[in-house]
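New to this one? Let's take a walk through it together, starting with a single chain and then turning to how the chains are divided.

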Amino acid sequence: MNFDFSEDQKFLGNEARKFLESECPMTAVRLVLNDDDVSHNADVWKKVVEMGWLGTAIPEEHGGLGLGLLEVCVLAEEMGRVLAPVPWASTVYFFTEALKIAGSSEQQADVLPRIVSGDVVGCYAASEGPGNPTAANLKTTFDGSTLSGTKVPVTDGDVATHAVVLAKEGSGASLVLVDLTGEGVTRKTLQTLDPTRSHAEIVFDKAPATRLGNAGDGEMLNDQILDHAAVLLAFEQLGGASRALEMATDYAKERYAFGRPIGGNQAIKHKLAEMYVKNEVARSNCFYGAWAVSTGAAELPEAAAAARIAACEAFWFASKENIQTHGGMGFTWEVDCHLFYRRAKLLAVQAGAPKVWKEKLVRTLENKNAA
Amino acid sequence: MNFDFSEDQKFLGNEARKFLESECPMTAVRLVLNDDDVSHNADVWKKVVEMGWLGTAIPEEHGGLGLGLLEVCVLAEEMGRVLAPVPWASTVYFFTEALKIAGSSEQQADVLPRIVSGDVVGCYAASEGPGNPTAANLKTTFDGSTLSGTKVPVTDGDVATHAVVLAKEGSGASLVLVDLTGEGVTRKTLQTLDPTRSHAEIVFDKAPATRLGNAGDGEMLNDQILDHAAVLLAFEQLGGASRALEMATDYAKERYAFGRPIGGNQAIKHKLAEMYVKNEVARSNCFYGAWAVSTGAAELPEAAAAARIAACEAFWFASKENIQTHGGMGFTWEVDCHLFYRRAKLLAVQAGAPKVWKEKLVRTLENKNAA
Amino acid sequence: MDFNDTKEEAEFRAEARAFLGKHLDPKGDKPLRQRVDGSEFMRRAKEWQKTKAENGYAQITWPKEIGGRGGTPMQQVIWNQEEGKFDAPTGPFTIGLGMCIPTVIAFGSDEHKKRYVGKALKGEEIWCQLFSEPSAGSDVAGLKTRAVKDGDEWVINGQKVWTSGAHYSDYGILLTRTDPSVPKHKGLTMFIVDMKQAGVEVRPIHQASGGREFNEVYFTDVRIKDSDRLGDVGQGWKVAIVTLMNERLAVGGSPGPDWAEIMAYAKEAGTMSDQAFREKLADWYVAAQGYKLTKFRTQTALSRGQTPGPENSIGKIITANHLQDICNSAIEMQDHYGILTDSDRMPADAIFQQSFMWAPGLRIAGGTDEILKNIIAERVLGLPQDVRVDKDLPFDQMKSG
Amino acid sequence: MDFNDTKEEAEFRAEARAFLGKHLDPKGDKPLRQRVDGSEFMRRAKEWQKTKAENGYAQITWPKEIGGRGGTPMQQVIWNQEEGKFDAPTGPFTIGLGMCIPTVIAFGSDEHKKRYVGKALKGEEIWCQLFSEPSAGSDVAGLKTRAVKDGDEWVINGQKVWTSGAHYSDYGILLTRTDPSVPKHKGLTMFIVDMKQAGVEVRPIHQASGGREFNEVYFTDVRIKDSDRLGDVGQGWKVAIVTLMNERLAVGGSPGPDWAEIMAYAKEAGTMSDQAFREKLADWYVAAQGYKLTKFRTQTALSRGQTPGPENSIGKIITANHLQDICNSAIEMQDHYGILTDSDRMPADAIFQQSFMWAPGLRIAGGTDEILKNIIAERVLGLPQDVRVDKDLPFDQMKSG
């Protein structure tokens with residue numbers, strides 16, 4: 001039994017924490033928050049590229065570090081703690097995993113090295129409107145060589161150079177790879193609940209595109225990619241939830257009312273204890289997801305779903321009760337609580353809302369039980 | 001605007017409270033609890049009959065008091081407070097209402113006066129097994145003159161003299177009236193979570209029976225009767241929930257730990273405040289149900305559903321957290337907390353579980369909105 | 001039980017409705033939160049307040065001698081219901097007439113009453129309430145703004161926070177610390193302050209929701225005459241309690257989308273068949289009805305001449321959490337798309353997204369969930385007060401983090 | 001990350017399994033709560049304990065000198081896992097070997113250790129723990145049972161409660177008040193008490209669930225030699241802390257039906273298509289996994305030689321409420337029929353109904369939800385302790401309601 005990260009992985013996490021606390025403080029997040037024209041923090045992004053983190057789980061033959069997804073999990077948690085305002089999740093959890101899962105060796109050889117070098121920034125475009133996208137209701141179409149239709153919203157869609165897009169092809173769905181800097185692509189920046197991350201509407205009008213994987217495999221590949229992304233996002237959410245608990249705990253110790261720290265009141269103590277319990281439930285489920293995604297275990301579908309459900313719940317609860325613990329201060333723009341509340345919501349809907357994953361989980365449990 | 005009971009109704013409630021606190025203390029409940037062969041407290045029941053309460057909403061022409069259902073609501077709350085171990089709910093909320101709603105004038109003239117006099121004790125038999133009974137899955141059949149099949153469980157089924165039974169007739173369902181003391185009826189007492197109220201399995205084997213209302217109207221009539229019963233039961237639940245809150249509050253003031261009353265701890269204070277909030281939400285919804293059922297308002301379906309849902313939630317929460325507030329003492333047989341926990345569960349499933357009513361409520365809202 | 005007006009109530013309602021119809025437009029289909037900014041809005045608001053005052057509708061329960069109608073609380077409720085159906089610009093006067101002026105009436109001199117009450121009633125002067133401070137939120141009595149006696153005057157230095165309407169107010173009631181050497185509740189004194197004088201600086205607070213509806217107010221060597229004191233020196237807490245008792249009655253109302261709005265959205269989105277959503281919808285309906293019907297019970301008590309008590313605190317506990325839950329669910333139903341906030345593009349004009357950002361504030365403003373539960377536990381259920389370690393401690397010896 | 005045993009662990013597991021298979025039958029399909037009554041059960045239990053002790057499996061982490069194996073905590077975990085797969089009668093010794101004897105080892109004299117440890121290990125003598133009292137539950141240190149010195153002996157009078165196994169125990173560790181004139185934690189003293197002597201009366205408690213698994217124990221002029229004291233006079237709290245630290249590790253395990261059982265029932269009942277049920281099922285699965293996987297993390301820490309801390313308190317908070325919720329839902333799915341308790345007739349042998357009545361006790365036993373949250377808040381998060389008004393007050397001046 002060894003249900004924990006290795007010493008090396010923990011060391012990586014510690015180093016990443018030091019690096020990000022120094023290079024990506026909340027002031028760096030607020031540069032993106034306060035300026036509608038700024039899509040991400042380019043300085044932070046540049047440093048992330050320089051650290052080589054984008055290649056963490058990319059094979060050495062493609063210029064990556066050749067480590068595994070466990071190391072990405074470790075980094076994801078740290079990115080989540082600082083609310084990193086960069087296209088990390090889109091590029092690493094979604095775009096890179098999509099290429100690794102569905103890309104041909106030519107596609108991988110072409111694109112993966114450019115991810116490592118920072119020349120390619122990726123995003124993942126599935127949503128076309130309210131509700132979880134399914135193959136049945138897709139309107140964006142791929143005709144074998146070009147892509148047409150509108151994707152909205154695409155997280156990091158205005159900073160990315162490339163997108164993996166879920167599109168209709170014939171009667172089925174396929175995944176396709178598009179160069180967003182090429183012709184036939186129009187992008188419009190959108191306002192969202194989380195202005196520290198940029199979002200776009202992308203209109204494709206016969207944009208040149210190549211398929212990832214086989215025609216008609218889009219939905220199956222999308223499910224696989226989302227299982228990977230869900231685990232990695234869950235660690236990012238866990239990082240955010242842990243940081244929110246720390247913020248609330250620190251404030252509760254420092255803030256005095258009625259002659260003593262507010263953290264001496266059971267109303268606050270038990271609220272924070274509940275936060276801790278939810279965070280630990282999330283952490284344990286995240287660890288299991290990490291094991292499953294890194295070993296390619298058959299348990300991945302239920303492990304990914306459980307990690308995502310637990311992490312969504314933990315970050316939601318921690319972020320809203322962190323505001324509540326801060327009282328009036330917590331409802332000001334200057335105090336950082338609302339940034340966690342905003343990010344918690346983004347991460348909870350970005351790869352399918354919790355209710356979508358609850359249904360996935362139960363379907364998996366049923367199938368297992370039936371088998 | 002007059003959203004409250006009248007002075008007369010409040011007076012009735014006060015008198016009932018005094019009467020029941022004196023005539024039906026917890027020792028009277030425990031007489032039924034502690035003896036498997038005792039189906040109800042006959043002394044208390046005799047006194048309830050003598051008070052004339054069984055005729056509260058029965059017209060004077062049939063020997064009743066000719067008051068309305070508002071007065072029954074007032075009495076129901078008081079019965080709920082003392083966990084009255086008598087077939088009151090079965091006789092008044094279900095059986096009497098069934099006769100009033102669906103009985104012919106002959107049936108009413110025959111049976112209602114005998115309810116008032118105490119010669120008839122009623123029960124209502126719908127369930128035949130796990131799950132909410134529907135016309136589609138009934139197995140008990142009525143052939144126009146006799147009834148055959150098994151009903152289980154029937155609350156107060158072993159003390160009642162008569163039953164109203166939901167049965168299949170041809171391809172539809174009908175309501176029928178059966179004399180349980182007649183031929184073709186076998187009863188077996190059952191063990192339940194609430195031993196302070198008796199339950200039976202009743203086997204009908206060509207038992208003589210007469211229809212209530214038209215053939216095939218069973219499901220519609222059942223719905224109407226349950227709307228009435230739900231409101232009245234909700235007041236009984238409200239009484240139980242209010243009493244559970246009082247018990248918890250009293251104990252929290254008296255019980256010392258760490259040198260002061262445990263009720264000085266926010267963990268307890270806020271738990272009891274939440275109980276209070278749930279009880280008040282239930283009370284307001286109960287009042288609305290009382291208004292609707294007593295005036296025959298078109299809003300009855302949603303008002304009854306809301307009263308039932310709120311009252312189930314309030315009594316469940318109050319009864320379980322009352323045990324918790326009492327700590328170890330609350331988990332002993334001698335302390336009364338568990339009797340409220342047991343009764344809360346009985347009342348929550350007796351007329352359809354909350355989830356059945358949530359579905360009813362939403363269907364009503366949809367239909368209204370569509371109209 | 002009877003939801004109808006009595007004959008007298010019906011008459012008053014008809015009269016009120018006729019009066020309102022003569023002066024105002026009915027409210028549109030989609031009421032957004034009233035914006036109290038802009039000079040045109042303020043001009044209309046002042047004009048409407050004057051019209052109300054001249055016709056005896058400004059403060060219905062106040063005695064006629066001071067400009068009220070001498071009416072019943074029930075008439076005030078009916079007026080509010082009817083006025084709520086029209087596009088009535090009432091916001092700027094709520095706090096002044098609901099909280100500040102009643103305090104002036106209770107504790108002010110005859111000169112104060114003569115000088116301030118009529119002008120406030122007619123909308124000529126607007127008032128704000130200056131109690132909360134950055135380090136004194138739930139614990140208002142822990143405030144630090146100092147008032148130091150200097151001859152016939154007091155010199156004020158300090159900072160207030162979360163002051164609604166400070167930027168357009170003419171006067172305020174100001175709670176200060178005049179004696180830090182005694183326990184915190186005993187060293188407070190209340191004043192009337194002229195908000196337009198030098199040394200008073202109002203800065204809008206940028207809220208987490210993005211809006212700027214509240215203010216910080218800084219006092220730098222502001223001078224107040226001793227004759228503008230409300231109540232005795234050291235009796236400020238007693239005065240403040242009178243003000244705050246009126247606050248709990250003022251808070252409430254429907255703060256955003258409810259079960260009907262999310263049900264409408266679900267129909268539009270075609271997700272009404274989801275049983276999980278249906279059960280939640282039932283719970284939301286029951287909670288919303290619980291809140292609405294509890295207000296009916298309160299009105300009934302009012303109409304019988306009873307005074308509603310602290311049990312009213314349940315309203316805000318229910319509605320604030322309820323709103324947060326409904327908005328969160330609506331956003332998650334929209335999935336990834338739910339993160340967008342553009343009201344032109346979003347279902348229900350993005351009201352779910354807007355209220356999602358407003359809900360955390362609602363759980364704090366006017367007493368946090370935690371404070372309200374304490375109030376219910378202590379004042380309704382009679383449970384012991386929290387241990388107050390600072391109860392008898394001189395204010396200047398208190399720890400403050 | 002790796003769920004497999006290390007080579008050493010796998011070897012030990014194989015060895016343990018072989019040994020167990022030689023002596024015991026595998027557990028049947030439907031394990032019910034182990035019944036510790038009946039002389040035949042007790043005979044088997046004592047025999048099995050003796051067999052374990054003779055073969056070095058009784059207390060794996062204890063040093064060999066006192067009859068243990070000198071093994072690792074991980075080996076103990078593996079042993080427990082494997083023994084749990086067999087029909088092993090272990091119940092009567094858990095408290096004695098897990099809590100009492102470690103306290104004797106830590107604070108007893110050499111004579112005590114010689115006299116008691118071996119016999120307990122071999123199952124020849126059974127121990128119970130006598131701390132809780134009717135007026136001292138969460139606040140154990142508020143206990144009243146008096147021990148008064150009389151020459152070389154102490155005279156004990158008082159009552160203990162919730163004592164597991166008191167009726168079949170030979171000895172107990174008994175926490176008493178020896179000095180009521182000092183603050184409560186300072187006037188306590190711990191003793192070894194012979195449970196079979198005159199003046200010790202054991203009465204079963206009739207629990208709310210209907211069962212009688214716990215006891216009250218009355219002490220009337222019971223005499224204990226001063227040489228049977230554990231630790232110094234007045235140091236009883238320090239001794240008790242050592243005992244209680246071991247308790248938190250002992251509590252836990254799967255106390256009843258979980259997501260798999262309710263899913264099986266829903267399939268049988270044909271209600272798996274209900275989306276509301278499906279979402280709840282997902283939540284239950286996630287919570288159950290959270291609990292199970294957190295134990296794996298604890299085991300990993302153990303296997304690395306780390307000591308698990310108070311974060312283990314999360315287990316019971318999750319499982320007790322989780323159990324109550326699952327049972328309540330299963331009963332409501334059965335609708336009116338769910339009220340029946342006859343295991344021959346009910347789905348899942350009425351396990352949902354049985355556990356429904358057991359769950360409230362689980363939320364209280366071994367630390368209430370509220371106490372456990374306080375422990376997490378104070379010891380894990382470092383938040384301030386509750387205000388303790390009785391901290392420095394002599395016990396006999398304390399209010400006690």
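## A first look around

Let's begin with what is tucked away: of the 401 residues in chain C, 54% count as buried. Keep in mind that this is a predicted model.

So what is chain C built from? It has 11 helices and 8 strands. Stretched along its principal axes, the C-alpha trace of chain C spans about 75 × 50 × 45 Å. Its radius of gyration is 23 Å, which agrees with the value near 21 Å that a compact globule of 401 residues would have.

How does the chain meet itself? Take the contacts in chain C with a separation of 6 or more: 71% of them join residues 24 or more positions apart.

Now for the outside. Chain C exposes about 17100 Å², and carbon and sulfur atoms supply 50% of that area. As for charge, chain C carries 51 positive and 56 negative side chains, with the centres of the two sets lying 2 Å apart.

Next, the domains. Chain C is divided into domain 1 (7–89), domain 2 (127–247) and domain 3 (252–364). Between domain 1 of chain C and domain 2 of chain C, the C-alpha centres are 30 Å apart.

Over in chain A, the division gives domain 1 (7–117), domain 2 (122–216) and domain 3 (220–370). Here the C-alpha centres of domain 1 of chain A and domain 3 of chain A are separated by 20 Å. Their contact takes in 26 residues from domain 1 of chain A and 33 residues from domain 3 of chain A.

Methods:
Residues numbered from 1 in each chain as written. Chains lettered and ligands numbered in written order. Predicted model: local features only at pLDDT ≥ 70, side-chain atom pairs only at ≥ 80, totals over all residues. Heavy atoms only, no water. Helix = DSSP H or I, 4+ residues; strand = E, 2+ residues; numbered from the N terminus. Rg over C-alpha atoms; globule rule 2.2 N^0.38 Å. Buried < 20%, exposed > 50% of the residue type's maximum accessible area, 1.4 Å probe, protein only. Contact = heavy atoms within 4.5 Å. Areas by Shrake-Rupley, 256 points an atom, 1.4 Å probe, with all protein chains shown as cover. Lys, Arg positive; Asp, Glu negative; His and termini not counted. Charge placed at Lys NZ, Arg CZ, Asp CG, Glu CD. Domains from an automatic or database assignment.
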